[in-house]
Amino acid sequence: MRDTLVLNASFEPLSTVTLNRAVVLVLTDKAVVEQAHPGLLMRAAAVELPVPQVIRLCRYVRVPFRRQAPWSRRGVLIRDQHRCAYCGRRATTVDHVMPKAQGGGDGWMNTVASCAEDNHRKADRTPDEAGMPLLRKPFVPSPADAMLLALGADERSALPEWLAQSA
């Protein structure tokens, strides 16, 4: 099961948490279940709870504005939907467009998802030097886009209507 999406009291996406953390937030009356996995229940001696997919905090949490999602290898793989930027097959690694050996660094605009074979074949060269054009250009996802991609909702149509409007 994937992580549970946490919404602020105003229905804005905040983060994702593990199922255990989501259940604790609901049981301590800090959150309510907005959407549950159909037909799944969690049972204990004195309580029965639907398995939460989306929870909403009962109190509004003020969050500092963040212009950019923090870079991570996992984030690059999710952004590129685990597809190699060079051949389109399943990606398992992250490749630096401008290699670190040539002064490139970690960042959204300098990294792409790559399969191990293409990453090894490209080595410490740029895509032009290796004769390996990128199928799609890297981009910087917004924090909200990064969170929705992490949840597997790469299309807003896959989201509930009330969430797609706030995203």
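This section describes two nonpolar cores and the surroundings of three residues in a predicted model.

The largest nonpolar core has 10 residues. Its members are Val6, Val17, Ala22, Val23, Leu25, Val26, Ala31, Leu49, Ile55 and Leu57. Two elements, α1 (19-27) and β4 (48-57), each give two or more residues to this core. The largest share, four residues, comes from α1. A second, separate core has nine residues. Cys84, Tyr86, Cys115 and Met132 are among them.

Within the largest core, Val6 was examined for contacts beyond four places in sequence. Three of its partners, Val17, Ile55 and Leu57, are listed in that core as well. Val6 also contacts Glu12, Pro13, Leu14 and Ser15.

Thr92 lies in the loop between α2 (73-79) and β5 (93-96). Its relative accessibility is 53%, so Thr92 counts as exposed. Beyond four places in sequence, Thr92 contacts Leu77, Ser114, Cys115 and Ala116. One of these partners, Cys115, belongs to the second core. Thr92 and Cys115 are 23 residues apart in sequence. Their C-alpha atoms are 5.4 Å apart in space.

Ser114 is part of strand β6 (residues 111-114). Ser114 counts as buried because its relative accessibility is 0%, under the 20% cut-off. With residues up to four places away left out, Ser114 touches Cys84 and Tyr86, both members of the second core. Its other contacts are Ala91, Thr92, Thr93, Asp95 and Asn119. The contact between Thr92 and Ser114 thus pairs an exposed loop residue with a buried strand residue.

Technical notes:
Residues are numbered from 1 along each chain as its sequence is written. This is a predicted model: local features need pLDDT of at least 70, side-chain atom pairs count only at pLDDT 80 or more; totals for chains, interfaces and linings use all residues. Side-chain values use heavy atoms; hydrogens and water are left out. A nonpolar core is a set of buried Ala, Val, Leu, Ile, Met, Phe, Trp, Tyr and Cys residues joined through side-chain atoms within 4.5 Å. Buried means under 20% relative accessible area, exposed over 50%, partly exposed in between (1.4 Å probe, protein chains only). Contact means heavy atoms within 4.5 Å.
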